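Q: I am new to this structure. Please take one part of it and walk me through it closely, from its layout to what lies against it.

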Amino acid sequence: MKYFSLNKRSPSVSYREAVIRGIAPDGGLYFPEDIPKFRKGFIEEIRELPPVEIGMEAMQPFVDGEIPPAVLEEILNKVLDFDFPLVALDKGISALELFHGPTMAFKDVGARFMALSLGYFSRNSDREVTVLVATSGDTGGAVAKGFLGVPGVNVVILYPDKKVSDIQERQLTTLGRNIKALRVKGTFDDCQRMVKKAFVDEALSESLQLTSANSINVARWLPQMLYYLLAYRQKPDSDRNLVFSVPSGNFGNICAGMMAQQMGLPVGHFIASTNVNDTVPRFMQTSQYEPHPSTATISNAMDVGDPSNFVRILELYGGDFSHLQQNLSSYAFTDPETRAAMTRLYQQYEYVADPHGAVGYLGLKKYMETHPETDGIFLETAHPVKFLDVVRSTLNIEIPLPRQIREVMNREKVSIPIQAYEELRDFLRS
Ligand SMILES: *Cc1c(COP(=O)(O)O)cnc(C)c1O
């Protein structure tokens, strides 16, 4: 499989190069040159197949020629080593829990897949790769854990001091080994700016092989399609329309589901559920794409004003807006609505949702007002414990800390304070 740049001014590259580069030289996102189709009979048999075999069918075409099947199988065994349960709440409403992995958010899947791909590509190289990533919260932990101990790869994570939760900070500062955390005096945007500056710093790229692990990397984006397949495998047999509601920020997760649909997964409709950062819901109403600066909300992993993966969704529909409208609805919800949904889920079903999952639930409910004959699945993208303050103040309950969180609670946080780009540069050189 070759990948082309959506800006169309850079040459097509292999999977390997797309992973290492992250973004094309012309600034475009990489996109596969063709969309493979599942083999005949695959969907009919899917209930009988083990997850890794499903992963092989879906991912093999995307890494073909670059990662041998036996290695891909090893990678998938590590990526899919936790459960993705589909929890039925009501008639036509289920939650797909994506938070049973090492850092308790769906980003574990993509981060691990990318880490193992990169580890494979640098296996015989004596030149180490440095992964540089800025995080506003969940990405840092997933990337840190995913890359921990991968030989030949060093990871440097920038996060805004005092602007991530205690648990999130612990997840990215307590691992040690090949993971280094820099706490930046400033905002997430400052972190992002420094990372971008490092990538265009020629003196730096002469001495270091730098790569990015943010969500536009194809190795993080594509494997997210796997849990849509695993959801389908668990859903009750029915003729009703299957609909996924995906709490969306940068729109990588939902775009992976749409890719699975085009490969042959029988999904009737997608719902992109957002908080008040509603660039895409507005686009779906007006067909005008007008990004706004982001607004802070309680579902902070979705505080994105200009979703970076949305261009991939447009590409999947070849720019045909009415075709896209038939397949995608998008709704935005406020923080009070989100808290009310968390309360309702708790009172009605004794289900503790995190604020992102609650937004997904709201989108599904809204769609079902006009489409009651639906088999709806909303994605529960993070464990509620990751948003403890919101859960406490909304539901007045305590949640027991899961093993993955207890593990990081009594380790020492280690990070280096920085303020200016020069400090980042010096750190990377040393
Ligand atoms: C990253 C994240 C999202 C948003 O996912 P996108 O792929 O950026 O749309 C939603 N929920 C949680 C908990 C996240 O960490």
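A: Contact here means heavy atoms within 4.5 Å. Axes are lines fitted to C-alpha atoms, and angles run from 0 to 180 degrees between N-to-C directions. Keep in mind that this is a predicted model.

The part to look at is an open sheet of 5 strands. Read across it in the order E9-E6-E7-E8-E14. The pairing is parallel. Start at the edges. One edge strand is E9, residues 209–212. The other is E14, residues 416–418. Each of these edge strands pairs on one side only. The strands also turn against one another: neighbours in this sheet differ by 30° on average, with direction ignored.

Now go to the E14 edge. Its partner in the order is E8, which spans residues 179–184. E8 and E14 run parallel, and 3 bridges join them. One pair of bridge partners is Leu182 and Ile416, the latter in E14.

Next, add a helix. H20 covers residues 421–429. Helix H20 lies across E6, E7, E8 and E14. Within that group, strand E6 is residues 129–134, and strand E7 is residues 153–160. Against E14, the helix runs at about 140°.

To trace this on the model, find Leu182 and its bridge partner Ile416. From E14, follow the order back through E8, E7 and E6 to E9. Then look for H20, lying across E14, E8, E7 and E6.

Note on methods
Residues numbered from 1 in each chain as written. Predicted model: local features only at pLDDT ≥ 70, side-chain atom pairs only at ≥ 80, totals over all residues. Heavy atoms only, no water. Pairing = 2+ DSSP bridges. Helix = DSSP H or I, 4+ residues; strand = E, 2+ residues; numbered from the N terminus.
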